[in-house]
Amino acid sequence: MSINYPKSYDVIVIGAGHAGCEAALAASRMGCRTLVLTANIDTIGLMSCNPSIGGVGKGHLVKEIDALGGEMGKAADHAAIQFRRLNTRKGAAVQATRIQADRQSYRAYMKKALESEKNMGIKQRMVEGFLVEGGRIAGVKTNLGEHFFADTVVVTPGTFPNGLIHIGATKISSGRAGEAAATGISESFGSIGFKVGRLKTGTPPRFDGRTIKWELLEPQPGDKNPKPFSFSNDVIDREQIPCYITYTNKKTHEVISKNLHKSPLYSGEIKGVGPRYCPSIEDKIVKFPDKDRHQVFLEPEGLNTYEIYPNGISTSLPLEVQYELVRTIDGLDEVEIMRPGYAVEYDYVDPTQLKPTLETKLVENLYFAGQINGTTGYEEAGSQGLIAGINAALRVKGEDPFILKRSEAYIGIMVDDLVTKGVDEPYRMFTSRAEYRLILREDNADMRLGELGYKIGLLKEDDYSKFAKRKKAVAEELSRLENIKVVPNAKVNEILIRLGASPIKKPHNLKELLRRPEISYRDLGFFELNPTQNFITEDVVSQIEMDVKYEGYIKRQMEQIDKFKKLEDFVIPESFSYDNIPGLSREMVQKLTNVRPNSLGQATRISGVTPAAISVLMVYLKRDENQKLAGRHSISS
């Protein structure tokens, strides 16, 4: 017997992990009546795996979420127990932020954020299927026989669809240790017609910190002057705690090697493909036999727990083998395991079945976000949730969709990669995926995306005012630096030589001097009669230095973007038929029809579609457009 819930919604979000939280908050804050359905309200925003946020590529995503008005950056700052800036000796494009978080503090923050939204409803339910009418989503049905109705639905089920945990030969139907798998929703994917595959991820055992010999290990402290994740926060005034580093050794590797046959990864039990860039310790030993050791980061799970996360030794070996291998590692010879490591297999849906808005092509107003699209990681999930939530809300409002270009954001790169190329392993964000990474830096995420977040009604007024003030301060100071001239004389050249720079022979403005690698913004005060530097905040200083020192490179990348913009702006109608176009092979027609690119630019990124095919396609699209124009002209005549 089914029960129709009397209240209808604009947006229903299934799941309340990182994707679900961002989707629900975005839709609610954009004025939509939003309902979150989650199997367990107590695990809203739970960090299922490592207690950290950010890293190279991933930190860029968090900054972009924050710039658009999302919550992950704020939650990370709130829960952080250690801040680290990565790649500080490398170029600006690959510098990144990473924090260690108190898992329970992060979860509690996100739960409160959702509960505090006036347009938000939250119910503990397990969704088992979809209500589809005439090719359009109408709502969902739960395991209690309830029918909830909505104009749009965002699906963010994480690793729960047909989740299967492996610990040695032991198998447990579960999406996360201690929580039941979602089987009904997986069956619904297949019955609707979605192409479904299997992926795998894993997690290491958790240690009792009281049984670790910390004095034998190498401490890794946080930054002395930590930079916040969120642009809304100015400073972090909080005591940080260290992580510690240890290493596997030959004895560890021998234990793993002799027990490989007990690993479901190598016994054939696990069919799903795992993440290549975050392999299990078994994979590391097999694929890198020449390495004598592998690094293990011991990361505290929080301030009020002894539980420790050993980053670097994910495993699905039997528990007794897990004990044997970890006790060969320095500092861990008496360690106690609080939770065993495990691998989890789960269903995902081929993301080429999605539009760039993350709406499905098979069912109108149905959106997918997170691991269901073949990605891995909190940051990738949160980014997709934000995009899906924004677009669901815009659909309800009858407004144009929100699509970020590859030249605008790492989020745009990720979504484009997913819907254009699909996945054959869990997708993870790297800076190497970005063609224009010098423009897409962490430090300028608000400059790139703040206006967009405010325009769609997601970035709060206070945050927007702060962003606008920073943007104005940068522009005004850059203008000032251009207008102050420094003439060559003995004193000026003496200062330049002292700073390690060559003397000048003709007048330079301050901006030109700052372009020199030896000169910092603060050094410019030596050349000014009335320096204003004391009134300029450090975030503005950082932005100015980045913009000036990389100005030439940025200009070249902007020229590249303009060059490719014509292809990106060349729209391909959704109804366009690729059949019977001479010059397109059957394989290309099949790929183009499957992906249905929304532009020629997207078509160029489909694997196997050649430049010659793009030229042919352009000719036919122009011919098609000319015929339509001629037809409209004929009617108006």
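In which helix is Glu477 found? In this predicted model, Glu477 sits in helix 13, which covers residues 461–483. With a relative accessibility of just 4%, Glu477 counts as buried. The side chain of Glu477 is not without a partner there: a polar contact of 2.5 Å links it to the side chain of Tyr521. Further along the chain comes Val540, which is 63 residues away from Glu477 in sequence, yet the two C-alpha atoms are 8.9 Å apart in space.

Glu71 is another glutamate worth a look. This one belongs to a loop, the one between helix 2 (58–68) and helix 3 (72–79). Glu71 has a relative accessibility of 5%, and because buried means under 20%, Glu71 counts as buried. What surrounds it? Setting aside neighbours within four places in sequence, Glu71 touches Glu22, Leu25, Arg29, Ile65, Tyr109, Met110 and Ala113.

Helix 3, on the far side of that loop, leads on to a sheet. Helix 3 lies across strand 4, strand 5 and strand 6, and runs at about 115 degrees to strand 5. These strands make up an open sheet of 3 strands, ordered 4-6-5, with antiparallel pairing. Strand 4 (52–54) and strand 5 (80–86) are the edge strands, each pairing on one side only. On average, neighbouring strands in this sheet are turned by 20 degrees against each other, direction ignored. Strand 4 pairs with strand 6 (residues 96–101) in the antiparallel sense over 3 bridges, and one bridge puts Ile53 together with Ile99 of strand 6.

Strand 10 has plenty of partners to go through. The strand is mostly covered, with 8 of its 10 residues buried. Strand 1 (residues 3–4) pairs with strand 10 in the parallel sense over 2 bridges, and here Ile3 has Glu146 as its bridge partner. Strand 2 also pairs with strand 10 in the parallel sense, over 5 bridges; in this pairing, Ile12 stands opposite Val153. Val153 turns up again in the pairing with strand 22, where it stands opposite Leu366. The pairing of strand 10 with strand 22 is parallel and runs over 3 bridges.

Strand 9 (residues 136–142) goes the other way, pairing with strand 10 in the antiparallel sense over 3 bridges. Gly139 has Phe149 of strand 10 as its bridge partner. Strands 9 and 10 form a hairpin with 3 residues between them, and in the turn Gly145 has a positive phi of about 85 degrees.

Strand 10 also has a part in covering helix 5. Buried residues in helix 5 (residues 184–192) include Gly184, Ile185, Ser186, Ser188 and Phe189. The cover over the buried residues of this helix includes strand 2 (9–14), strand 8 (127–133), strand 10 (146–155), strand 14 (196–203), strand 21 (342–349) and strand 22 (366–368). After helix 5 comes Gly193, another glycine with a positive phi, in this case near 120 degrees.

Two of the strands that help cover helix 5, strand 14 and strand 21, belong to an open sheet of 5 strands. The order in this sheet is 13-12-11-21-14, and the pairing is antiparallel. At its edges are strand 13 (179–180) and strand 14, each pairing on one side only. Strand 11 (residues 164–167) pairs with strand 21 over 3 bridges in the antiparallel sense. Ile165 stands opposite Val344 of strand 21.

Finally, there is a pair of helices to consider. Helix 10 (residues 378–397) and helix 11 (residues 410–421) pack at an angle of about 85 degrees, and their axes are 10 Å apart. This angle makes helix 10 roughly perpendicular to helix 11. Helix 10 brings Glu380, Ser383, Gln384 and Ile387 to the contact, where they meet Ile411, Met414 and Leu418 of helix 11. Sorted by class, the contact of helix 10 with helix 11 has 4 nonpolar, 2 polar and 1 charged residues.

Terms used
Residues numbered from 1 in each chain as written. Predicted model: local features only at pLDDT ≥ 70, side-chain atom pairs only at ≥ 80, totals over all residues. Heavy atoms only, no water. Axes fitted to C-alpha atoms, helices over the stretch in contact; angles between N-to-C directions. Helix = DSSP H or I, 4+ residues; strand = E, 2+ residues; numbered from the N terminus. Parallel < 35°, antiparallel > 145°, perpendicular 65-115°, else oblique. Contact = heavy atoms within 4.5 Å. Nonpolar A, V, L, I, M, F, W, Y, C, P; charged D, E, K, R; others polar. Buried < 20%, exposed > 50% of the residue type's maximum accessible area, 1.4 Å probe, protein only. Pairing = 2+ DSSP bridges. Polar contact = N/O pair within 3.5 Å; in protein donor to acceptor, adjacent residues only side chain to side chain.
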